[in-house]
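Hello,

Here is the structure I promised to pass on to you. Have a look at it first, and then read my notes below.

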Amino acid sequence: MTAPRRFVTVVGARPQFVKAAAVSRAVARHNAGRPEQALEERLVHTGQHYDDEMSGAIFTELGLAEPAAHLGIGSGPHGRQTGAMLERLEPVLVDAAPAAVLVYGDTNSTLAGALAAAKLGIPVAHVEAGLRSGRWEMAEEVNRVVADRLADLLFAPSASAVANLAREGIVAGVHLVGDVMLDVLRWTVAEGPPAFGAPDGRFALATVHRAETTDDPSRLRSVVSALGRVAAGGLPVLLPLHPRTRAALGAWDPPAGVTVVPPVGHGELVALAARADVVLTDSGGLQKEAYWLGVRCVTLRDETEWIETVAAGWNVLAGTDEDRIVLAAAQPAPAGPRPELYGDGHAADAVVRQLSAFLWT
Ligand code: UD1
């Protein structure tokens with residue numbers, strides 16, 4: 001039998017572990033069903049997220065394989081972080097000699113993985129291609145646009161993402177597959193939520209981590225104060241705090257009714273979101289998870305890449321304006337059915353099908 005076709009997956013930040021878990025499971029299914037076109041995945045962890053609560057525990061929870069290489073880069077200014085990744089990825093890719101490199105989303109690890117591969121002439125596959133905020137000042141926007149430009153295979157989660165790519169002249173290699181995060185959500189719900197200490201009664205679930213919020217003291221103050229007002233209005237707020245936000249807040253007394261906890265695992269976050277009255281977040285993934293779970297979302301940003309959730313009436317863009325956040329949090333859920341957004345929960349199988357076709361022809 002011919003050797004399996006090898007690809008390298010580059011991950012580094014928490015949401016990428018979630019997405020990669022969906023695809024790794026789909027690779028195992030593919031190999032069981034089509035052993036004559038087997039794929040071999042080698043996982044490389046850049047180390048962008050390194051705490052146990054941001055990385056180790058999530059790897060274990062999601063059943064991800066031990067990385068074949070851990071680059072141990074850690075945090076730092078963008079240039080240094082991305083540059084260090086490029087430098088350390090290159091020999092790893094040369095040694096692995098993969099037929100493709102798979103990257104996810106829009107982090108500095110995505111950019112470094114795509115660029116290191118492209119410079120070596122290795123084809124790049126990008127999961128979550130075509131998302132745009134239209135804000136070039138966002139590090140994530142730069143990362144996405146460059147990764148998409150470098151990619152040979154582009155896996156888009158929505159028709160609007162496909163249209164964004166077409167506007168930039170990118171049509172070859174684009175596949176509308178849906179969102180691999182829905183795959184993970186489906187199995188998380190099906191396997192049952194993990195045991196955890198959820199608050200009694202009604203509550204709002206909040207997460208805040210984006211640089212545009214945490215690195216601007218007035219925006220961060222405004223968000224925190226709005227969370228306090230939501231709690232004072234009778235809806236206690238649970239805030240699993242990302243380390244970036246914890247650092248930005250420094251020594252800080254949360255407002256009454258706002259409970260701060262360390263970052264939680266993925267299953268626990270999903271279970272909390274499912275039980276919450278409303279989700280308040282600047283995360284991309286959580287906007288969709290709230291939608292799929294039928295929970296309203298107030299997005300603490302001025303724009304979103306997940307425009308369909310807003311059009312469907314389940315997501316409100318409140319920015320960081322206190323009054324708008326408080327008002328939006330108090331709105332009732334929209335009536336009527338929720339349209340199916342971002343695929344059918346089998347996006348990872350579609351990714352692997354296309355990847356296999358690419359690598360075996
Ligand atoms: C990154 C991504 C963002 C993604 C997010 C998910 C970029 C440019 N941004 O932001 O798109 O939504 O991950 O969480 O790649 N820190 C720790 N422990 C960790 C990781 C981070 O303490 O395990 C702290 C450090 O103080 C660090 C700060 O968090 O300086 C920010 O980490 P960074 O790697 O810049 O990325 P995120 O803010 O998490």
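Before I get to the helix, one cut-off: a residue counts as exposed when its relative accessible area is over 50%, and as buried when that value is under 20%. Please also keep in mind that this is a predicted model.

With those cut-offs, let me start with α2, which covers residues 52-62. Which of its residues are buried? They are Met 54, Ser 55, Ile 58, Phe 59 and Leu 62. Around the axis these five span an arc of only 105 degrees, so they sit on the same side of α2. Asp 52 and Thr 60, by contrast, are exposed on the other side of the helix.

Now to the ligand. Its surroundings consist of 20 residues, and the closest are Gln 48, His 49, Tyr 50, Asn 108 and Arg 244. By type, the shell holds ten polar, six nonpolar and four charged residues.

Where does the ligand lie with respect to the domains? Domain 1 (5-179 + 344-360) and domain 2 (204-329) both contribute residues to the shell, so the ligand lies between them. As for helices, at least two shell residues come from each of α3 (78-96), α5 (139-150) and α10 (243-249). The most generous of the contributors is α5, which gives three residues.

Several side chains place a polar atom close to ligand oxygen atoms, and here are the distances. For His 49, a polar side-chain atom is 2.6 Å from an oxygen atom of the ligand. For His 242, the corresponding distance to a ligand oxygen atom is 2.9 Å. Gln 81 has a side-chain N or O atom at 3.3 Å from an oxygen atom of the ligand. On its own the ligand would expose 750 Å², and the protein buries 86% of that area.

One more residue that I would like you to look at is Glu 305, in the loop that runs between β12 (296-299) and α13 (307-311). Is Glu 305 buried or exposed? Its relative accessibility is 5%, so Glu 305 counts as buried. The side chain of Glu 305 has a polar contact of 2.8 Å with the side chain of Arg 301. Another polar contact, at 3.1 Å, links the side chain of Glu 305 to that of Arg 144.

Happy browsing, and do write back with any questions.

Best wishes

Note on methods
Residues are numbered from 1 along each chain as its sequence is written. This is a predicted model: local features need pLDDT of at least 70, side-chain atom pairs count only at pLDDT 80 or more; totals for chains, interfaces and linings use all residues. Side-chain values use heavy atoms; hydrogens and water are left out. A residue is near a molecule or strand if one of its heavy atoms lies within 4 Å of it. A polar contact is a pair of N or O atoms within 3.5 Å; within protein, one must be able to donate a hydrogen and the other to accept it, and residues adjacent in sequence count only if both atoms are side-chain atoms. Accessible areas come from the Shrake-Rupley method with a 1.4 Å probe; for residues, only the protein chains shown count as cover. Helices (H or I, at least four residues) and strands (E, at least two) are DSSP runs, numbered from the N terminus. Ala, Val, Leu, Ile, Met, Phe, Trp, Tyr, Cys and Pro count as nonpolar, Asp, Glu, Lys and Arg as charged, and the others, Gly among them, as polar. Domain bounds come from an automatic or database domain assignment. Buried means under 20% relative accessible area, exposed over 50%, partly exposed in between (1.4 Å probe, protein chains only). The arc is that of the directions from the helix axis to the C-beta atoms.
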